[in-house]
Amino acid sequence: SAGSGDRPHPRLPPPNAYHYAAAMSALAKSGRAGRAQTAVRALRSMEEDALLGKGDAPNVWVYNAALSACAVRRWDDAARDAEELRHPPRDVRNKRREEEMAVDLLDRMERMSVEHGWDTTPDVVSYNTALMAVRPRRRGEEADELHTEDLPEVVRLLSRMRDAHMPRNAATYGNALHSCRYTPRLAALVFREATLDAAFLRGEGGAPAVRLAPALSTALSAAARRGGASGPAIFLSVLRDGMAVGAVPNADAPAAFVRCLAGAGRPDDACAFVRCLAEASRPDGAEAAAGTFRDRFPGDAPALAALVRAAGGGPPDSACYSAAISCRVRAGDLEGAADVLRTMRADGRQPDEKTYRALAWACCRLAV
């Protein structure tokens, strides 16, 4: 020890797999820039030492820790993703380096297991963590089906799990849908895959409706946020798929559908749906609402009836009215927005900050 001139200093043991895994996990949680590259370099060094017989071979824990360094992102990444969607970078490949490193790590895990007999066969945690590293795609990068060439990486990873007979759980589909949050058509395909996954639906964690509830909410939000002209059709198809296995929309779904119609440039339909909700909440108003369903949304009455039930039997909430007002504002119809506001007050709903913000923006836009 220090201070003992004749006694040698104690020799520390070389780092083992658990030391490497702990260091990489700490690096992943740090949020520091370049954490993925640092973790991969440390992993490569460990691999080289193991191949030369100088240290322990990495196991699945170590690789999963390195994967987490590729997947965990800083809080400002949501804003960065949104900016990337508005202004696509010239070097898209460079922006997706963490995603590519995660996929490369999965490939190395399989290769090291086969070539060297290491305990590195990817498990469910490996795939789920790799899915977290997938960057949200821009519109135009979506797949028409789940088995075409040049698929987005999220679909490739789900297919690899299926081919490896790897069970997919709620985290699997939750991470996959999070990566599809800007591509509603792809989100709808991933959600449909979840509804057809019999092993997932039979798994632990409650009835299929309970297990699918978060995935349904995420897929519906994707259609409402980025659906464009095809948003309502995507929204209703996701809802039908969920209802087919017993999943029901939550209380946020009605307002999301109004926003979806607004994003599709259908202000009349958006306001008609809000009126449907209002009519259905009144005594003996269900029949009138059903008639409006048939007129406005032929063939989708069951799905829209589920949205009405999600509203809880009361009049539309402030979020629905605010979305309808925003829809009128986007169409330049200030008088229509004022009509929605009057209806909102007549139904006993008080305007909130979003409501007044939409009206103020309309006045500024129309110079009134």
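**Notebook: burial, salt bridges and ring pairs**

I looked up E193 to begin with and found it buried, with a relative accessible area of 13%; buried here means under 20% relative accessible area, exposed means over 50%, and partly exposed lies in between, with a 1.4 Å probe and protein chains only. I then noted that salt bridges sharing partners join E193, R162, R168 and D197 into one network, where a salt bridge is a side-chain nitrogen of Lys or Arg within 4 Å of a carboxyl oxygen of Asp or Glu.

For the record, this is a predicted model, in which local features need pLDDT of at least 70 and side-chain atom pairs count only at pLDDT 80 or more, while totals for chains, interfaces and linings use all residues. Residues are numbered from 1 along each chain as its sequence is written, and side-chain values use heavy atoms, with hydrogens and water left out.

**Salt bridges**

I wanted the partner that E193 meets in helix 8, and this is R162, with the closest N and O atoms 2.8 Å apart. R162 lies in helix 8 (residues 153-163) and E193 in helix 10 (residues 184-195), so the pair ties together parts that are 31 residues apart in sequence; helices are DSSP runs of H or I with at least four residues, and strands are runs of E with at least two, both numbered from the N terminus. Whereas E193 is buried, R162 counts as partly exposed at 29% relative accessibility.

How many salt bridges does the structure hold? I found twelve. I followed up the one between the side chains of E47 and R108, which meet at 2.3 Å, N to O. Since E47 lies in helix 2 (residues 35-51) and R108 in helix 6, this pair ties together parts that are 61 residues apart in sequence. I checked the burial of both partners: E47 is buried at a relative accessible area of 2%, and R108 is buried at 13%.

I also looked up R342 and E335, whose side chains meet in a salt bridge of 3.1 Å, N to O; R342 is partly exposed, with a relative accessible area of 46%.

**Helix 6**

I turned next to helix 6 (residues 97-116), whose 20 residues should span 28 Å at 1.5 Å a residue, and whose end C-alpha atoms are 27 Å apart, which agrees; the expected span is 1.5 Å times one less than the number of residues. The buried residues of helix 6 include E98, M101, L105, R108 and M112. Just after helix 6, I noted that G117 takes a positive phi of about 70 degrees.

**Aromatic pairs**

I searched the whole structure and found four aromatic pairs, counting rings of Phe, Tyr and Trp (its six-membered ring) whose centres lie within 6.5 Å, with planes under 30 degrees apart taken as stacked, over 60 as edge-to-face and the rest as tilted. In one of them, the rings of Y18 and W61 have their centres 5.6 Å apart and their planes at 75 degrees, so the pair is edge-to-face. Y18 lies in helix 1 (residues 17-30) and W61 in helix 3 (residues 60-71), so the pair ties together parts that are 43 residues apart in sequence. Y18 counts as exposed at 51% relative accessibility, and W61 counts as exposed at 55%.

I then noted F257 and F273, whose ring centres are 5.0 Å apart with planes at 85 degrees, so this pair is edge-to-face. F257 lies in helix 14 (residues 253-263) and F273 in helix 15 (residues 267-281), so the pair ties together parts that are 16 residues apart in sequence. Both F257 and F273 are buried, and together with F235 they form one aromatic cluster.
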